[in-house]
Amino acid sequence: MITPKANFKTDGGATLVELVVTVGILVTMMVPVLGLLSSAVDTSGKAASMTISARIASRLVGEVQQGDWSSIQNWSNREVFLDYQGQELKDVGEQANAVYAARVQLGPQTGVVLGTNNPAGANPSQRRVVVLVASGSPLQAKELLDQAQAALDAGKPLPRDVRISRTLLVNLEKAL
């Protein structure tokens, strides 16, 4: 007796094994891509924070420069709290929502000595300005600023989350 052969037709669909292999390949390719995406987002956040910190420091130095030379000492050790865009929060209630804190420090009133072999001594028409900017909650940022100040005084490296801007102010006012 002759047995008829079974005639299996395929509809062109994929088998379960083919689907499992395809999903495995896709997952294997997507894991590194997601890792790169996470790294890119982190790098972008750090770059934005650095940009805002630089803008804050630049603005504060500009305000000190525009001030009257006789009242420049009012800026010494002044702390400013700012929002995520770098806008100053003047109201004490708003300062609880601060994202950045900055501290302006002035060099001695006797002026700046340029070079190590300067017979003229310190120039009283020049003042060194240092602006420290830290990000975080107000308490964290203030603690970071204190740590940065201690590191500066001791000649040690600053904490990683603190940005520093240094400049030299010159008194251009003419004595009458």
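These questions and answers go through some labels used for this predicted model.

Reader: Why is Arg103 called buried or exposed, whichever applies?
Author: Arg103 has 6% relative accessibility. Buried means under 20%. Arg103 therefore counts as buried.

Reader: What makes Asp146 and Arg103 a salt bridge?
Author: Their closest N and O atoms are 2.7 Å apart. The cut-off is 4 Å. The pair therefore qualifies.

Reader: Which parts does that pair tie together?
Author: Asp146 lies in helix H3 and Arg103 in strand E2. The pair therefore ties together parts that are 43 residues apart in sequence.

Reader: Why does Asp146 count as partly exposed?
Author: Asp146 has 41% relative accessibility. Partly exposed runs between 20% and 50%, so the label fits Asp146.

Reader: How do you know that Glu88 and Arg59 form a salt bridge?
Author: The N to O distance is 3.9 Å. The rule asks for within 4 Å, so the pair counts. This pair links distant parts of the chain. Glu88 is in the loop between E1 and helix H2, and Arg59 is in helix H1, 29 residues apart.

Reader: What about Glu63 and Arg59?
Author: Glu63 also forms a salt bridge with Arg59, with the closest N and O atoms 2.6 Å apart. Both residues lie in helix H1, four residues apart, about one turn of the helix. Glu63 is partly exposed at 27%, and Arg59 is partly exposed at 28%.

Reader: Which residues make up the salt-bridge network?
Author: Arg59, Glu63, Arg78 and Glu88 are linked in it. By the rule used here, the salt bridges come to seven.

Reader: What makes E1 and E4 edge strands?
Author: Each pairs on one side only. The open sheet has the order E1-E2-E3-E4, with antiparallel pairing.

Reader: How do you know that E1 pairs with E2?
Author: Five bridges join E1 to strand E2. Pairing needs at least two, so E1 and E2 pair. Arg78 stands opposite Val104 in E2.

Reader: What packs on the sheet?
Author: Helix H3 does, touching E1, E2, E3 and E4. Its direction makes about 140° with that of E3.

Reader: Why can Val33 belong to a nonpolar surface patch?
Author: Val33 lies in helix H1. Its relative accessibility is 46%. Patch residues need over 30%, so Val33 passes that cut-off. Met30, Val33, Leu34, Leu37 and Val41 make the patch, which covers about 480 Å².

Methods: Residues are numbered from 1 along each chain as its sequence is written. This is a predicted model: local features need pLDDT of at least 70, side-chain atom pairs count only at pLDDT 80 or more; totals for chains, interfaces and linings use all residues. Side-chain values use heavy atoms; hydrogens and water are left out. Patches are made of residues with over 30% relative accessible area and no salt bridge: like charges are joined within 9 Å, nonpolar side chains (Val, Leu, Ile, Met, Phe, Trp, Tyr) within 5 Å. Accessible areas come from the Shrake-Rupley method with a 1.4 Å probe; for residues, only the protein chains shown count as cover. A salt bridge is a side-chain nitrogen of Lys or Arg within 4 Å of a carboxyl oxygen of Asp or Glu. Buried means under 20% relative accessible area, exposed over 50%, partly exposed in between (1.4 Å probe, protein chains only). Contact means heavy atoms within 4.5 Å. Axes are lines fitted to C-alpha atoms, for helices over the stretch in contact, and angles run from 0 to 180 degrees between N-to-C directions.
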